[in-house]
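Okay, everyone, thanks for making the time. Let me put the structure up on the screen, and then we can walk through it together.

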Amino acid sequence: MSYFDKELDTSGLNCPLPVLKARKALSEMAIGEKLHLIVTDPGANQDIPAFSKMTGNPLIEATEKEGKLHFIIEKGAE
Amino acid sequence: MAKKLAIIASKGTLDGAYPPFLLASTAVALGFEVKIFFTFYGLQLLNKNLNLKVSPLGNPAMPMPVPVPSIVQIIPGLEWFATWMMKRKLKQKGVASVEELRDICVETGVDLIACQMTVDLFDFDKADFIDGISSGGAATYLEFAGDADVTLYI
């Protein structure tokens, strides 16, 4: 797992809450900072990359560990 | 320029309330400008106190714990039971409530528009609606929808 500035655990929450909470967390972060997002919603495998692409917040890392999805998202320049 | 999503919400059931608020709140998170136009039964989704229900009657696709023949579904209380069951399931699966999604829509600036004609038709009182609702007619919707990237009728 690479370096991150903030962690957000959305375990147990279903679509679309992980995306909505990720957006809120990123909006409070500075450009270049990294968010560690933990998700159990299996749809996140498709949804988080789509969110990252559409909002210009690059997805640095995506891994699966013990049934949870871990994403590192960098706050983009908008 | 921001992408635009234009939704017509015409259903006032619990299951009918999810798609407009869910897609609208997600679209805002993805950078869209969103307007939802509430018409006919969809106007119920604007009430301050939501009392939305789901009915298995006339909906043979609704999963039930045991098969319930249509004739039995008219029994008083079955609609209440189906609604209770659905709400419990939604909570168990970590799905946001309609109220929660609607709050996010309001907070993030989704434009909620009540169709004036159907407000008059049903004698709805705008005082019963949540704050910040605008009103409009067909032309209001079409002006925005004409330039929208996604338009949905729900």
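I'll go through the sheets and the helices that pack against them, starting with chain A. Keep in mind that this is a predicted model.

So, chain A. Here we have an open sheet of four strands, in the order β1-β2-β4-β3, and the pairing is mixed. Which strands stand at the edges? Those are β1, residues 6-9, and β3, residues 59-65; each has a single partner strand, so one side of each has no neighbour in the sheet. Going from one strand to the next, the twist averages 15 degrees.

Let's look at one of those pairings. β1(A) runs parallel to strand β2, residues 34-39 of chain A, and four bridges join them. If you want a spot to click on, take Glu7(A): its bridge partner in β2(A) is His36(A).

Now the helices on that sheet. Helix α1 of chain A, residues 17-27, packs on it and touches β1, β2 and β4 (68-74) of chain A. The direction of α1(A) makes about 160 degrees with that of β2(A). Then there's helix α2 of chain A, residues 44-55, which touches β2, β3 and β4 of chain A. The direction of α2(A) makes about 5 degrees with that of β4(A).

Over to chain B. What order do the strands take here? It's β4-β3-β2-β1-β5, five strands in an open sheet, with parallel pairing. At the edges you'll find β4 (134-136) and β5 (150-153) of chain B, and since each has a single partner strand, one side of each is left without a neighbour in the sheet. On average, neighbouring strands are turned by 25 degrees against each other, ignoring direction.

Inside that sheet, β1 (residues 4-9) and β2 (residues 33-38) of chain B pair in parallel over six bridges. Leu5(B) sits opposite Val34(B) in β2(B). And lying across β1, β2, β3 (111-115), β4 and β5 of chain B is helix α5, residues 138-145, which runs at about 150 degrees to β1(B).

Last stop, a pair of helices. α1 (residues 14-29) and α3 (residues 98-107) of chain B have axes that come within 9 Å and cross at roughly 30 degrees. That crossing is left-handed. Among the residues making the contact are Phe21(B) and Leu22(B) from α1(B), and Leu101(B) and Ile104(B) from α3(B). How do the contact residues divide up? Into 10 nonpolar, one polar and one charged.

Methods:
Residues numbered from 1 in each chain as written. Chains lettered and ligands numbered in written order. Predicted model: local features only at pLDDT ≥ 70, side-chain atom pairs only at ≥ 80, totals over all residues. Heavy atoms only, no water. Axes fitted to C-alpha atoms, helices over the stretch in contact; angles between N-to-C directions. Helix = DSSP H or I, 4+ residues; strand = E, 2+ residues; numbered from the N terminus. Left-handed = near helix turned anticlockwise from the far one by under 90°. Contact = heavy atoms within 4.5 Å. Nonpolar A, V, L, I, M, F, W, Y, C, P; charged D, E, K, R; others polar. Pairing = 2+ DSSP bridges.
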